[in-house]
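The exercises below go through one structure part by part. Each task is followed by a solution in steps.

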Protein chains: 2
Amino acid sequence: MSESDIGFQAALEEARKGASEGGVPIGACLVSADGKILGRGHNLRMQEGSPTIHGEIAALNNAGRLPASAYEGATMYTTLSPCDMCTGACLLYKVKRVVLGENSTFVGGEDYLKQRGVEVINVKSAECEDLMKKFIKEHPGEWNEDIGEQ
Amino acid sequence: MSESDIGFQAALEEARKGASEGGVPIGACLVSADGKILGRGHNLRMQEGSPTIHGEIAALNNAGRLPASAYEGATMYTTLSPCDMCTGACLLYKVKRVVLGENSTFVGGEDYLKQRGVEVINVKSAECEDLMKKFIKEHPGEWNEDIGEQ
């Protein structure tokens with residue numbers, strides 16, 4: 001698992017797209033056990049006024065309705081440590097692995113994912129970290145809103 | 001906390017609406033600390049082909065973008081024990097209490113909510129249970145899809 005993975009690259013492209021739209025720069029991509037992209041997307045809080053369309057939720061939405069078997073052995077790539085909601089979404093659909101870009105700007109439900117048997121890999125991407133640092137510096141209020149903090 | 005609560009009644013109305021649309025009959029309603037309805041909605045898997053718009057997510061979406069302070073002391077009413085994703089959404093926004101209609105047809109993240117300090121109340125509504133039993137009997141495949149089960 002590395003930054004060159006197709007799933008990670010797609011998640012990163014989504015994060016860049018989010019940044020270019022002036023949104024929260026977090027992207028995600030759901031990849032099936034056999035390596036196919038099922039869905040990808042990025043946080044749409046600012047673009048669509050949505051409190052629930054985080055990157056991972058966008059990727060799941062984009063994948064559409066699927067039977068449980070489609071998620072079997074799947075990997076959720078995300079550019080940032082997943083928040084509690086996105087952690088829960090990965091658990092609901094029983095993805096096998098969560099690959100995250102970085103967790104230096106935010107730590108979500110990694111421990112709980114591991115407790116529930118999900119493999120968690122941090123690729124420690126400098127670009128993911130830079131995207132978040134820039135956004136948090138320029139939009140501290142919007143960032144706090146996105147993670148439910150005052 | 002009882003079935004006559006304004007929040008619970010709104011959640012139940014949403015569940016009935018979902019049923020009348022042929023969808024998964026689960027509704028939810030987010031109520032602020034001072035008793036105002038912030039948002040309400042129902043599961044839209046079948047109506048909109050969405051794998052993420054469960055009742056609680058719909059209620060949060062309908063409430064729109066809010067600062068963390070707006071969720072302080074809030075209660076999420078839902079007609080069914082919340083799945084892992086909706087459990088996580090309640091934790092992300094730090095609602096104080098989750099009031100659920102029933103947990104005889106499905107048990108979600110109640111224990112985890114309690115571990116994280118959220119009050120959980122089961123009003124054991126016969127109507128909520130009947131709505132779910134009917135749906136599960138008539139649409140077992142769709143129900144399994146909604147909870148990520150084979």
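Helices, of at least four residues, and strands, of at least two, are DSSP runs numbered from the N terminus. The model is predicted.

**Exercise 1. Two lysines with positive phi**

Task: Find where A:Lys94 lies and state whether it is buried, partly exposed or exposed. Do likewise for B:Lys124.

Solution.
Step 1. A:Lys94 is found in chain A, in the loop that runs between α5 (84–92) and β4.
Step 2. Its phi is positive, about 55°, although A:Lys94 is not a glycine.
Step 3. Partly exposed means a relative accessible area between the limits of 20% and 50%. A:Lys94 has 41%, so it is partly exposed.
Step 4. B:Lys124 sits in chain B, in the loop between β5 (119–122) and α7 (126–138).
Step 5. B:Lys124 is not a glycine either, and its phi is about 50°.
Step 6. With a relative accessibility of 65%, B:Lys124 counts as exposed.

**Exercise 2. The sheet of chain A**

Task: Give the order of the strands in the open sheet of chain A and name the edge strands.

Solution.
Step 1. The sheet has 5 strands, in the order β2-β1-β3-β4-β5, and the pairing is mixed.
Step 2. β2 (37–42) and β5 (119–122) of chain A pair on one side only, which makes them the edge strands.
Step 3. From one strand to the next, the twist averages 15°.
Step 4. Within chain A, strand β3 (residues 75–78) and strand β4 (residues 97–100) run parallel and are joined by 4 bridges. A:Met76 stands opposite A:Val98 in β4(A).
Step 5. A helix packs on this sheet: α3 (residues 55–63) of chain A touches β1 (27–31), β2 and β3 of chain A. The direction of α3 makes about 135° with that of β2(A).

**Exercise 3. Strand β1 of chain B**

Task: Explain why strand β1 (residues 27–31) of chain B is described as largely enclosed, and find the strands with which β1(B) pairs.

Solution.
Step 1. Of the 5 residues of β1(B), 5 are buried, so the strand is largely enclosed by the rest of the structure.
Step 2. In a regular strand the side chains alternate between the two faces of the sheet.
Step 3. On one side of β1(B) are B:Gly27, B:Cys29 and B:Val31, and on the other are B:Ala28 and B:Leu30. These are all buried, and both faces are covered.
Step 4. β1(B) runs antiparallel to strand β2 (residues 37–42) of chain B, with 5 bridges joining them. B:His42 in β2(B) is the bridge partner of B:Gly27.
Step 5. β1(B) and β2(B) form a hairpin with 5 residues between them. In the turn, B:Gly35 has a positive phi of about 85°.
Step 6. β1(B) also pairs in the antiparallel sense with strand β3 (residues 75–78) of chain B, over 4 bridges. There B:Leu30 has B:Met76 in β3(B) as its bridge partner.

**Exercise 4. Cysteines without a disulfide**

Task: How many disulfides does the structure hold over all chains? Examine B:Cys86 and B:Cys90.

Solution.
Step 1. The count over all chains is 0.
Step 2. For B:Cys86 the nearest cysteine sulfur is that of B:Cys83, 3.8 Å away, and B:Cys86 is in no disulfide. The cut-off is within 2.5 Å.
Step 3. B:Cys86 is buried, at 1% relative accessible area.
Step 4. For B:Cys90 the closest cysteine sulfur is in B:Cys86, at 7.1 Å, which is too far for a bond.
Step 5. B:Cys90 also counts as buried, with 1% relative accessibility.

**Exercise 5. B:Asp146 and the contact between the chains**

Task: Which side chains make polar contacts with that of B:Asp146, and how many residues does each chain bring to the contact between chain B and chain A?

Solution.
Step 1. B:Asp146 belongs to helix α8 (residues 140–146) of chain B. Its relative accessibility is 2%, so B:Asp146 counts as buried.
Step 2. Its side chain makes a polar contact of 3.0 Å with that of B:Asn43 and one of 3.2 Å with that of B:His54.
Step 3. Among the residues that B:Asp146 touches are A:Leu92 and A:Tyr93 of chain A.
Step 4. The contact between the chains takes 36 residues from chain B and 36 residues from chain A.
Step 5. About 3000 Å² is buried between chain B and chain A, and carbon and sulfur atoms give 53% of this area.
Step 6. Of the area that chain B buries against chain A, 23% comes from B:Arg65, B:Asp84 and B:Leu92, more than from any other three residues.

Methods. Residues are numbered from 1 along each chain as its sequence is written. Chains are lettered from A and ligands numbered from 1 in the order in which they are written. This is a predicted model: local features need pLDDT of at least 70, side-chain atom pairs count only at pLDDT 80 or more; totals for chains, interfaces and linings use all residues. Side-chain values use heavy atoms; hydrogens and water are left out. Buried means under 20% relative accessible area, exposed over 50%, partly exposed in between (1.4 Å probe, protein chains only). A polar contact is a pair of N or O atoms within 3.5 Å; within protein, one must be able to donate a hydrogen and the other to accept it, and residues adjacent in sequence count only if both atoms are side-chain atoms. Contact means heavy atoms within 4.5 Å. Two strands pair if DSSP finds at least two bridges between them. Axes are lines fitted to C-alpha atoms, for helices over the stretch in contact, and angles run from 0 to 180 degrees between N-to-C directions. Buried area is the accessible area (1.4 Å probe) that two parts lose on being put together, summed over both. Lists of a residue's contacts leave out its neighbours within four places in sequence.
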